[in-house]
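Trainee: I should like to take a close look at a single part of this structure, the place where two helices meet. Which residues meet there, and what surrounds that part?

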Amino acid sequence: MESILQYFPELTSVQRAQLAKLEELYKHWNAQINVISRKDIDNLMTHHVLHSLAIAKVINFAKGTRIMDIGTGGGFPGIPLAIFFPSCHFTLVDSIAKKTKVAMEVAKALELSNIDVVTSRAENLKEEWDFVVSRAVAPVSKLMAWTQKNIHEGGINNLPNGLICLKGGDIKEELKPYNKWATKWKIDDFFEDEYFAEKYVIHIAV
Ligand SMILES: C[S@@+](CC[C@H](N)C(=O)[O-])C[C@H]1O[C@@H](n2cnc3c(N)ncnc32)[C@H](O)[C@@H]1O
């Protein structure tokens, strides 16, 4: 929890209380349905919650912004972002019902009213959003192919509407076709932890 407050001291008491409950909730649900590698569950707050919140270091989603989290699994990055941006709406999407159950149960326990959870492949969704966020789901080319139809152009945020994903390793080749529309931030410029070396936030405008 300290690792989060250090970088986000402006969190309200409600947000702090919601974040503080995550550890117990994910330990409980992860023991039944594997959404986080069991050997990584003790690193939940840094490796999963803080990592998700790297997106909040590049964009301050304006009130009313609608965001889809594709391949949310147990709720990353969608759940930490929904806590951080209570006046925005998040749709958490995953094709595996067992995983969306965990995201749904965690959202319910935290009384997060700004979350919908949908069990579906993203390709089958017809709705529109301002942004699609994602972590550890597919190469950018696939994420764009699956979701570009769901992102409407323009927007009211400090970044144009588009895809924002958390990526690691060598992403040069993957980003090549999108260089004209892409911006990349190093997460270890935001958070001092060796876990974030070679990890990036990528924004691609539609
Ligand atoms: C490695 S997990 C990552 C889960 C979560 N984003 C995280 O970082 O903890 C990838 C997830 O993407 C989901 N997924 C892959 N392709 C998808 C698609 N086309 N539509 C919806 N979900 C998809 C899988 O079911 C899986 O739960």
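Mentor: Let us begin with a term: two residues are in contact if their C-beta atoms, placed from the backbone, lie within 7 Å. The model before you is predicted. In it, Lys-21, Leu-25 and Trp-29 of helix H2 meet Val-102, Glu-105, Val-106 and Ala-109 of helix H5. By class, the residues of this contact divide into 5 nonpolar, no polar and 2 charged.

The geometry comes next. Two packed helices are described by the angle between their axes and the distance between the axes. Helix H2 covers residues 13–32 and helix H5 covers residues 97–109; their axes come within 11 Å and cross at roughly 145°. The crossing of H2 past H5 is right-handed.

One residue of this contact leads further inward. Val-106, which H5 contributes to the meeting with H2, also belongs to the largest nonpolar core. That core has 54 residues, and those with the most contacts inside it are Val-106, Val-132, Val-133, Cys-165 and Val-201. In soluble globular proteins, nonpolar side chains tend to be buried together. Cys-165 offers a further view of the core: leaving aside its neighbours within four places in sequence, Cys-165 is in contact with Val-133, Ser-134, Arg-135, Val-140, Leu-143 and Ile-202.

Arg-135, in turn, leads to the ligand. There are 18 residues around the ligand, and those that come nearest are Gly-71, Gly-73, Phe-76, Ala-122 and Arg-135. The shell consists of 9 nonpolar, 4 polar and 5 charged residues.

Some features of the backbone remain. Most residues other than glycine have a negative phi, and most peptide bonds are trans. Phe-76, one of the residues that come nearest to the ligand, is joined to Pro-77 by a cis peptide bond with omega of about 10°. Pro-77 is found in the loop between strand S1 (66–70) and helix H4 (78–84). Ala-136 has a positive phi, near 55°, although this residue is not a glycine. The loop that holds Ala-136 runs between strand S4 (131–135) and helix H6 (140–147). Ala-136 counts as partly exposed because it has 13 C-beta neighbours inside 10 Å. Glu-198 also has a positive phi, of about 65°, and lies in the loop between strand S6 (182–186) and strand S7 (199–205). With 14 C-beta neighbours inside 10 Å, Glu-198 counts as partly exposed.

Note on methods: Residues are numbered from 1 along each chain as its sequence is written. This is a predicted model: local features need pLDDT of at least 70, side-chain atom pairs count only at pLDDT 80 or more; totals for chains, interfaces and linings use all residues. A nonpolar core is a set of buried Ala, Val, Leu, Ile, Met, Phe, Trp, Tyr and Cys residues joined through C-beta atoms within 7 Å. A residue is buried if 20 or more other C-beta atoms lie within 10 Å of its own, exposed if 12 or fewer, and partly exposed in between; C-beta atoms are placed from the backbone. A residue is near a molecule or strand if its C-beta atom, placed from the backbone, lies within 6 Å of it. Ala, Val, Leu, Ile, Met, Phe, Trp, Tyr, Cys and Pro count as nonpolar, Asp, Glu, Lys and Arg as charged, and the others, Gly among them, as polar. Axes are lines fitted to C-alpha atoms, for helices over the stretch in contact, and angles run from 0 to 180 degrees between N-to-C directions. Helices (H or I, at least four residues) and strands (E, at least two) are DSSP runs, numbered from the N terminus. A crossing is left-handed if the near helix is turned anticlockwise from the far one by less than a right angle, and right-handed if clockwise.
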